[in-house]
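Welcome! Here is a short tour of a fold, going through its sheets and the helices that pack around them. Please keep the viewer open as you read.

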Amino acid sequence: MNILFIHQNFPGQFKNLAPALAARGDRCVALTLRVKKPTDWKGVRILPYQITRKPGDGVHPWLVDLNTKLHRGEACMIAATKLRDSGFTPDVIVAHPGWGESLFLRDIWPQARIGLYYELFYQANAADSGFDPEFARADDAMATQRIRMKNVNNHLHFPLGDMGICPTDFQASSFPKAFRDRISVIHDGIDTEVAKPNPDVVFDLPDGGQVTRDDQVITFVNRNLEPYRGFHIFMRALPKILRESPDAHVLIVGGEERSYGPAAPDGQTWKAIFTEEVRPQIPEVDWARVRFLGKLPYDRFLSLLQVSSAHVYLTYPFVLSWSLLEAMSCGAAIVASDTAPVREVIAQGETGRLVDFFDTKALAKEIRTVLEDPQMRSELGRRARSHVVANYDLTTIALPKQLQWIDSLKKSSAGSAEPWDFKT
């Protein structure tokens, strides 16, 4: 069949699905902002689209988000029209609607079956909203109205998607029932043959040293170091962690840009803000055991997870990171926040250790406990990997389900979704 992927940063969540479809003989094309000229990748033809219209001034602050999505939707529609006029007619369109790109695709191809990657439905009084009062917005008194407007994009997509897919039960449960009933929960998948334990791993440190599995290594990973993924909590626990674990190396991975939540104030970075906050509490000899590694290439990232003695994962009630499951697949002992998305994959004392997100003392204590008990550490890592292999393995679990979902989508009736009832 002809399959069109839509994702502003393709392949994104479709990095395994798209090549698998191409490999089995489907003709796969993708529209994305990521490339500047047409290219081919693993059997997928990737075509660019460009945003040429500039957002107008004077837009209400609550409409800025939707305004940006409309610009992307318009630009993607123009590229889709050209693709249609060139003779390409997709049987199936698979899109991530989060950036608005897929808003007008039904107008271009009325008979195509559209599958949407539903990532999260924003909630004013639940999940991540209001979870961390330290970073409350100045306009939080109007959070309900602001978030309702942010969800307009979700509402507009509801009648467009014939079927939906979502990686976790927690994320799927954020959607209203009318959405939820058409969403299949299928994770993106973890390649457990790549992300696997390596007892002989050696990780090179930026100062020329090395660590192995014989060392005590505490790892912490964010895409970008920020409060949504608990960077502030980890940093505030760091003085106690270093005092109580004098032989441990602390390796921190992440950029200094913004992924989720508010940007750091006054042009600063969250890394700089929280480093400055805790640095006076840490002696120079202990600070020398802390390394900020920035962003790592994937092979180095896996080596980091393989060498980890205690991998710390903290998150608001939000989208679950691939990095947690990859760490589990590598056999790392996990110390994680006791928040809803984490509880879906971590059972306390079985596949990891859970602590209250805000309790820095408990976090330091759990890390020390894991470091000081090699048998516990080994058992936690072994059971964590077994859980990922049994439930999230790419080859045997996730990808077959994704392919089955695509085939079911092809058999569905195009435009079968009902218009969204705003009273629901």
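## A helix over the eight-stranded sheet

Let's begin with helix α2, residues 64-85, which lies across three strands: β1 (2-6), β2 (27-32) and β4 (44-48). Relative to β2, helix α2 runs at about 150°. Please bear in mind throughout that this is a predicted model.

The strands under α2 belong to a wider arrangement. Eight strands make up an open sheet with mixed pairing, and their order is β3-β4-β2-β1-β5-β6-β7-β8. At the edges stand β3 (39-41) and β8 (183-185); each has a single partner strand, so one side of each is left without a neighbour in the sheet. From one strand to the next, the twist of this sheet averages 25°.

## A parallel pair inside that sheet

For a closer look, try β5 (residues 92-95) and β6 (residues 113-117), which run parallel and are joined by four bridges. If you want a residue pair to put on screen, I93 stands opposite I114 in β6. As background, strands of a sheet pair through backbone hydrogen bonds, either parallel or antiparallel.

## The six-stranded sheet

A further open sheet has six strands, ordered β13-β12-β11-β14-β15-β16, and here the pairing is parallel. Its edges are β13 (290-294) and β16 (353-355): each has a single partner strand, so one side of each is left without a neighbour in the sheet. The twist here averages 20° from one strand to the next.

Within this sheet, β11 (residues 217-224) pairs with β14 (residues 310-313) in the parallel sense, over three bridges. F220 has V312 in β14 as its bridge partner.

## Helix α11 and its neighbours

Which strands does α11 lie across? They are β11, β12 (249-255), β13 and β14, and the helix runs at about 145° to β11.

Helix α11 (residues 298-307) also meets a second helix, α12 (residues 322-329): their axes come within 9 Å and cross at roughly 60°. That angle makes α11 oblique to α12, and the crossing is right-handed. On the α11 side the contact is made by Y298, F301 and L305, while α12 brings S323, E326 and A327. By class, the residues of this contact of α11 with α12 divide into four nonpolar, one polar and one charged.

## Where α8 meets α14

Another helix pair worth displaying is α8 (residues 231-244) with α14 (residues 360-372), whose axes come within 8 Å and cross at roughly 45°. The angle makes α8 oblique to α14, and this crossing is right-handed.

Helix α8 makes the contact with I233, F234, R236, A237, K240, I241 and E244. From α14 come T360, K361, L363, A364, I367, R368 and E372. Sorted by class, the contact of α8 with α14 has seven nonpolar, one polar and six charged residues.

## What the record adds

How does UniProt annotate residues 25-194 and 214-386? Its unreviewed entry places the feature "domain: Glycosyl transferase family" at both of these spans. Taking residues 214-386 in the model, the end C-alpha atoms lie 23 Å apart, and the span is 43% helix and 18% strand.

Terms used: Residues numbered from 1 in each chain as written. Predicted model: local features only at pLDDT ≥ 70, side-chain atom pairs only at ≥ 80, totals over all residues. Heavy atoms only, no water. Axes fitted to C-alpha atoms, helices over the stretch in contact; angles between N-to-C directions. Helix = DSSP H or I, 4+ residues; strand = E, 2+ residues; numbered from the N terminus. Parallel < 35°, antiparallel > 145°, perpendicular 65-115°, else oblique. Left-handed = near helix turned anticlockwise from the far one by under 90°. Contact = heavy atoms within 4.5 Å. Nonpolar A, V, L, I, M, F, W, Y, C, P; charged D, E, K, R; others polar. Pairing = 2+ DSSP bridges. UniProt positions renumbered as here; feature names shortened; annotations may be inferred.
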